[in-house]
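Hi,

As promised, I am handing over the structure, with my notes on its pockets and ligands below. Please have a look before you set anything up.

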Amino acid sequence: MSLEKRVLSKYIPAHLAIILDGNGRWAKKHNLLRTLGHKKGAENLKNMALICNEIGVKVLSVYAFSTENWNRPASEVEYLMKLPREFEENYKGKFKENDIKVIFSGRRDRFSEENIDLLYRIEEKTKDRKGLILNVCFDYGSHTEIIEAVKQISVKYKNDDIKLDDIDTSLMEEHLYTKGLPPLDLLIRTSGELRISNYLLWQLAYSELYFTSKLWPEFNRKELLKALDNFQKRNRRYGGIKE
Ligand code: IPE
Ligand code: IPE
Ligand code: MG
């Protein structure tokens, strides 16, 4: 049986996350500016969203800009901040055609007015779509996400809206950016780095992890199928015992 057929005949992750890393190294490898690596990376994100939609992934979360990426040179940050608009302009037609819904996870207080407005507009415009949910993690960091959740819960406790014993896993999850999304099945990181870099720390508790040395702009349909094939062979025990 072909790889494609085998993968499509088995369980497809409801929620897949990708740390799309290696744009800079891809550019260097091709003697291009880093910004061109990001451009290529954005195009690949569009391709991957369409593939995931087609094969039945429900939610694709992608790490597009971390709370630590502000530490990069100003010119690179400036370019990365232009990508949401460019992405919207180039791919809105394809996304509409394929009924893809877009949401954003992360802080919203450090962007330009224009970007804040754009993010809300994209979410509003796509909110009733029934295809893939593309969750773009932009100015996202797990530590911030968890701290924000703890603060919101603390206010509720202080105001007597909840009791101490109401604070449990499900209450925490209701205060995370991923509220309402299915549990994370699989995390893929491209570019050979073997770390999490402050991504989805809470959500990863029982996710499967897959690392590949492919750089993000090189991660194509075949590479995704290889990752899913590998995932489908895992034995997820959740601390229990299973054949
Ligand atoms: C990932 O590619 C994209 C972002 C972090 C915005 P990188 O820019 O980190 O690429 P490398 O790791 O330098 O190759
Ligand atoms: C993680 O990649 C963040 C994103 C992909 C957006 P980085 O390239 O920023 O991670 P480190 O610095 O190698 O850990
Ligand atoms: Mg990187």
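**Pockets and ligands**

Helix H4 contributes more than any other element to the lining of the largest pocket, giving 9 residues. Please keep in mind that this is a predicted model.

Let me stay with that pocket for a moment. Its volume is about 830 Å³, and 42 residues line it, with Leu 20, Asn 23, Tyr 63, Ala 64 and Phe 65 closest to the centre. Two or more lining residues come from each of H2, H3, E2, H4 (74–97), E3 (101–105), H5 (113–126) and E4 (133–140). Sorted by class, the lining of the largest pocket holds 20 nonpolar, 9 polar and 13 charged residues.

Where do the ligands go? Ligand 1 takes up space in the largest pocket, and ligand 2 sits in the largest pocket too.

**Ligand 1**

The shell around ligand 1 is made of Leu 20, Asp 21, Gly 22, Asn 23, Gly 24, Arg 25, Arg 34, His 38, Ala 64, Asn 69, Arg 72 and Leu 80. By class, that is 3 nonpolar, 5 polar and 4 charged residues. Helices H2 (23–29) and H3 (34–55) each provide at least two residues of this shell, and the largest share, 3 residues, belongs to H2.

Which polar contacts might you want to check on screen? Here are three for ligand 1, each involving an oxygen atom of the ligand:

- Arg 25: an N or O atom of the side chain is 2.7 Å from a ligand 1 oxygen.
- Gly 24: a polar backbone atom is 2.9 Å from a ligand 1 oxygen.
- Arg 34: a polar side-chain atom lies 3.0 Å from a ligand 1 oxygen.

On its own, ligand 1 has 380 Å² of accessible area, and the protein covers 87% of it.

**Ligand 2**

Around ligand 2 you will find Ile 19, Leu 20, Asp 21, Tyr 63, Ala 64, Phe 65, Ser 66, Asn 69, Arg 72, Arg 189, Arg 195 and Ser 197. These divide into 5 nonpolar, 3 polar and 4 charged residues. Strand E2 (residues 59–66) supplies the largest share of this shell, with 4 residues.

Some residues turn up in both shells: Leu 20, Asp 21, Ala 64, Asn 69 and Arg 72 are listed around ligand 1 and also around ligand 2.

The polar contacts of ligand 2 again involve oxygen atoms of the ligand:

- Arg 195: an N or O atom of the side chain is 2.8 Å from a ligand 2 oxygen.
- Asn 69: an N or O atom of the side chain is 2.9 Å from a ligand 2 oxygen.
- Arg 189: a polar side-chain atom lies 3.3 Å from a ligand 2 oxygen.

Taken alone, ligand 2 exposes 390 Å², of which the protein buries 77%.

**The second largest pocket**

How much space lies in the second largest pocket? It comes to about 320 Å³. The lining of this pocket has 18 residues, and those nearest its centre are Glu 173, Pro 182, Pro 183, Leu 184 and Gln 203. By class, the second largest pocket is lined by 9 nonpolar, 6 polar and 3 charged residues.

Do write back if you would like to go through any of this together.

Best wishes

Technical notes. Residues numbered from 1 in each chain as written. Chains lettered and ligands numbered in written order. Predicted model: local features only at pLDDT ≥ 70, side-chain atom pairs only at ≥ 80, totals over all residues. Heavy atoms only, no water. Near = heavy atom within 4 Å. Polar contact = N/O pair within 3.5 Å; in protein donor to acceptor, adjacent residues only side chain to side chain. Areas by Shrake-Rupley, 256 points an atom, 1.4 Å probe, with all protein chains shown as cover. 1 Å grid on protein atoms, 1.4 Å probe; cavity = no way out; pocket = protein on both sides within 12 Å on 5 of 7 lines; lining within 4 Å. Sits in = over half its atoms within 2 Å of the grid points. Nonpolar A, V, L, I, M, F, W, Y, C, P; charged D, E, K, R; others polar. Points joined across faces, edges and corners; volume = space filled by probe spheres on them.
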